[in-house]
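Subject: Structure handover and findings

Dear colleague,

Please find below the structure for your consideration. I should be grateful if you would read the notes that accompany it.

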Amino acid sequence: MVFATYANYTEAHVDEYAANIIATRGIKPADIQGFVNTIKSTVKGLTQEQLQAWNTKQAYIALGFLLQSAALEGIDACPMEGFDAAKFDEILGLADKNLKAIVIAPIGFRADDDTYQFYKKVRTAKKDLFINV
Ligand SMILES: Cc1cc2nc3c(=O)[nH]c(=O)nc-3n(C[C@H](O)[C@H](O)[C@H](O)COP(=O)(O)O)c2cc1C
């Protein structure tokens with residue numbers, strides 16, 4: 001799975017989102033006009049760099065759901081950063097679709113002879129991970 005965001009995020013994307021809500025819920029555009037205006041004014045107030053940073057975080061929320069859902073279904077998956085995103089954009093034709101690869105996650109089943117599967121999981125102790133106030 002390749003998680004991507006729009007390379008250039010515009011008000012047209014907000015309109016697409018709004019159109020989906022309207023069609024899905026069978027409501028009138030006027031019913032969500034205030035909501036849509038709020039999003040549009042937020043989008044207008046941010047640079048493409050800021051929008052990219054925001055949307056990147058949205059991609060990571062989706063990644064989290066994939067990893068969790070795959071685990072619940074007994075399917076192996078893992079998050080991968082540090083890949084050549086520009087090459088992914090080029091080879092998969094993402095750039096032509098105004099998309100930008102953010103993070104990737106292979107999914108499938110571990111090989112029987114994969115020795116890593118037997119390694120003990122390394123986790124931060126709860127007492128160090130959580131701050132109770
Ligand atoms: C090419 C590659 C890139 C990876 N990049 C990341 C990464 O950016 N962040 C991360 O947490 N793990 C990364 N991993 C590690 C795997 O996702 C790793 O299996 C996982 O983090 C360990 O999870 P576990 O402790 O539940 O076994 C990468 C692995 C590979 C092979």
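The notes below treat the salt bridges and then the surroundings of the ligand. Please bear in mind that this is a predicted model.

Salt bridges

The count of salt bridges comes to four. Three of them are described here, including the one between R110 and D76, whose closest N and O atoms are 2.6 Å apart. R110 lies in the loop between β4 (107-108) and α5 (126-129), whereas D76 belongs to strand β2 (residues 76-77), so this pair ties together parts that are 34 residues apart in sequence. R110 is partly exposed, at 44% relative accessibility. D76 likewise counts as partly exposed, and its relative accessible area is 23%; the boundary below which a residue would be called buried is 20%.

A salt bridge also joins the side chains of K87 and E90, with an N to O distance of 3.4 Å. Both residues sit in helix α4 (residues 85-91), and because they are three residues apart, about one helical turn separates them. E90 is exposed, with 54% relative accessible area, while K87 is partly exposed at 39%.

A further salt bridge links K127 with D128, where the closest N and O atoms are 3.2 Å apart. Both K127 and D128 are exposed.

Surroundings of the ligand

Which residues are found around the ligand? They are C78, P79, M80, E81, K121 and R123. By class, this shell holds three nonpolar and three charged residues, and no polar ones. C78, P79 and M80 count as nonpolar, and E81, K121 and R123 as charged.

Polar contacts with the ligand involve both backbone and side-chain atoms of the protein. From the backbone, an N or O atom of P79 lies 2.7 Å from an oxygen atom of the ligand, and an N or O atom of E81 lies 3.1 Å from a nitrogen atom of the ligand. From a side chain, an N or O atom of R123 is 2.6 Å from an oxygen atom of the ligand. How much of the ligand does the protein bury? The ligand taken alone exposes 620 Å², and the protein buries 42% of that area.

For your own inspection of the model, the pair R110 and D76 and the ligand contacts of P79, E81 and R123 may serve as starting points.

With kind regards

Technical notes: Residues numbered from 1 in each chain as written. Predicted model: local features only at pLDDT ≥ 70, side-chain atom pairs only at ≥ 80, totals over all residues. Heavy atoms only, no water. Helix = DSSP H or I, 4+ residues; strand = E, 2+ residues; numbered from the N terminus. Buried < 20%, exposed > 50% of the residue type's maximum accessible area, 1.4 Å probe, protein only. Near = heavy atom within 4 Å. Polar contact = N/O pair within 3.5 Å; in protein donor to acceptor, adjacent residues only side chain to side chain. Areas by Shrake-Rupley, 256 points an atom, 1.4 Å probe, with all protein chains shown as cover.
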